[in-house]
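Work through the exercises below with the sequence and the model open. Each task is followed by a stepwise solution.

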Amino acid sequence: MNKIVLICPERNDVSKWVESFKKENNNIEVEIYPNDTDREQTEFVATWNPPADAFEKFPNLKVIASMAAGVKHITSKKIPNNVKVTRVKDDYLNYDLSYFVLNALLNYLRDMPLYFQHQEEKIWDRQAYQRPEDVTVGILGFGNIGQAIGKLLLKNDFKVLGWSRSKKDVEGIETFKEDELNTFLSKSNVLVCMLPHTPETEDILNQELFQELPKGTYLINVGRGAHLQEEDFLEALANGQLSGAALDVFKTEPLPKEHVFWNHDKITITPHTASITNPATIVPKMVENFQRMQNNEPLKDEVDLEKGY
Ligand code: NDP
């Protein structure tokens, strides 16, 4: 059963994935769902946003590998008993995401969205600006990517705080655990959401949370659109509790053309592009897990299905 099936119906072109698998191990057969030949012979699938019933079609399935860091696209589907789920942990992705957040922060500190508008209207109007050392950035979700972001921001002179379920120890960064959320929020002038989407984190960016932040906090959401309670968010922008936001992820993607966020002058929108998965660095790890599965060894980067991430 030297075969991996790719299940990613939304991606028209998976050639880079197939090439990367070939390059990494030419003996592994790679098939594309639904054109796979013998489903009984499949123990390992790699997937992004699979159809709801896809996994049931593989009676001998052992491992589902997410082609991304997030796994809600898998955990929201029926996972057959005893099937393990893995996710992406990738320094290449961490790097891209960290620079995306740094860029969003610098744009905010230097009022770049305002200058882009001014250029269109030929307005010459210098603004006062904030400096990194004057800003405390709180990172909600201080895991693999959150910590990479924190370290880059620290190197760029920001003060950094991290919040996670369990306490973390990262030099130069003040960290908070689950029950210390309000203290963490009260110290953050910029809030970066880098949480996974689970039942506990859905709509976590809501009015109750916003009111614990200093007035005028800026929000950067690179976690998931499901984290943002949209009515509460618009109200917080209107009453000044939030001064603005950079949003990369949305409840519905692509963001519908009629959505109020598009024309809001305090919101900067990017199309879920904080980091784009890189098959060349991810596939070697998938192949390693495929071989671990074949040798009955523990998998790397396995998802805790109880926690949902
Ligand atoms: P990790 O699992 O490494 O980190 C998740 C962090 O969130 C952990 O620190 C965890 O705490 C914390 N956490 C989870 N649930 C809670 C909770 N209920 N209360 C407090 N803390 C909680 O994930 P990654 O850093 O790799 O990825 C995070 C998410 O980023 C992904 O799930 C995905 O949704 C999103 N993402 C977005 C991308 C984009 O392009 N915009 C790209 C890649 C990922 P603890 O450590 O204690 O368990």
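**Exercise 1. Locate aspartate 203 in this predicted model, and say why it counts as buried, partly exposed or exposed.**

Solution.
- Step 1: place the residue. Aspartate 203 sits in the loop between β9 (190-193) and α7 (207-210).
- Step 2: count neighbours. Within 10 Å there are 14 other C-beta atoms.
- Step 3: apply the cut-offs. A residue is buried at 20 or more and exposed at 12 or fewer, and partly exposed in between. Aspartate 203 is therefore partly exposed.
- Step 4: check the backbone. Its phi is near 60 degrees, a positive value in a residue other than glycine.
- Step 5: relate it to a second position. Alanine 238 is 35 residues from aspartate 203 in sequence, and their C-alpha atoms are 19 Å apart in space.

**Exercise 2. Which other residue, in the loop between β12 and α9, can be set beside it? Describe its phi and its exposure.**

Solution.
- Step 1: the residue is histidine 272, in the loop between β12 and α9.
- Step 2: its phi is near 45 degrees, a positive value in a residue other than glycine.
- Step 3: histidine 272 has 16 C-beta neighbours inside 10 Å, so it counts as partly exposed.

**Exercise 3. Give the strand order of the seven-stranded sheet, and name its edges.**

Solution.
- Step 1: read the order. The strands run β8-β7-β6-β9-β10-β11-β12 in an open sheet, with parallel pairing.
- Step 2: find the edges. β8 (174-176) and β12 (267-269) each pair on one side only.
- Step 3: add the twist. From one strand to the next it averages 15 degrees.

**Exercise 4. Follow β9 into its two neighbours, then sort its side chains by direction.**

Solution.
- Step 1: take β6 (residues 136-140). It pairs with β9 in the parallel sense over four bridges. Valine 137 stands opposite valine 190 of β9.
- Step 2: take β10 (residues 217-221). Again the pairing with β9 is parallel, over four bridges. Here leucine 191 stands opposite leucine 219.
- Step 3: sort the side chains. Val190 and Val192 point one way from β9, while Leu191 and Cys193 point the other way.
- Step 4: check burial. All of these residues are buried.

**Exercise 5. How many bridges join β11 to the edge strand β12? Name a partner pair and the cis bond in the loop that follows β11.**

Solution.
- Step 1: count. β11 (residues 242-247) and β12 pair in the parallel sense over three bridges.
- Step 2: name a pair. The bridge partner of alanine 245 is isoleucine 267 in β12.
- Step 3: inspect the loop. Proline 254 lies between β11 and β12. A cis peptide bond joins glutamate 253 to proline 254, with omega about -5 degrees.

**Exercise 6. Describe the five-stranded sheet and the helix that lies across it.**

Solution.
- Step 1: read the order. The open sheet runs β2-β1-β3-β4-β5, with parallel pairing.
- Step 2: find the edges. β2 (29-32) and β5 (84-86) each pair on one side only.
- Step 3: add the angle. Neighbouring strands are turned by 25 degrees against each other on average, direction ignored.
- Step 4: examine one pairing. β1 (residues 3-7) and β3 (residues 44-47) run parallel and are joined by four bridges. Isoleucine 4 has phenylalanine 44 of β3 as its bridge partner.
- Step 5: add the helix. α9 (residues 279-294) lies across β1, β3, β4 (63-66) and β5. It runs at about 170 degrees to β4.
- Step 6: inspect the loop between β2 and β3, where proline 34 is found. Tyrosine 33 and proline 34 are joined by a cis peptide bond, with omega about 5 degrees.

**Exercise 7. Set out the domains and the contact between them.**

Solution.
- Step 1: give the bounds. Domain 1 covers 3-90 + 278-294, and domain 2 covers 91-269.
- Step 2: give the spacing. Their C-alpha centres lie 32 Å apart.
- Step 3: count the contact. Eight residues of domain 1 are in contact with nine residues of domain 2.
- Step 4: classify the domain 1 side. It holds two nonpolar, three polar and three charged residues.
- Step 5: consult the record. An unreviewed UniProt entry places the feature "domain: D-isomer specific 2-hydroxyacid dehydrogenase NAD-binding" at residues 104-274.
- Step 6: describe that span. Residues 104-274 are 27% helix and 18% strand, and the end C-alpha atoms lie 10 Å apart.

Terms used: Residues are numbered from 1 along each chain as its sequence is written. This is a predicted model: local features need pLDDT of at least 70, side-chain atom pairs count only at pLDDT 80 or more; totals for chains, interfaces and linings use all residues. Two strands pair if DSSP finds at least two bridges between them. Axes are lines fitted to C-alpha atoms, for helices over the stretch in contact, and angles run from 0 to 180 degrees between N-to-C directions. Two residues are in contact if their C-beta atoms, placed from the backbone, lie within 7 Å. Domain bounds come from an automatic or database domain assignment. Ala, Val, Leu, Ile, Met, Phe, Trp, Tyr, Cys and Pro count as nonpolar, Asp, Glu, Lys and Arg as charged, and the others, Gly among them, as polar. UniProt positions are given in the numbering used here, feature names are shortened, and annotations may be inferred rather than shown by experiment.
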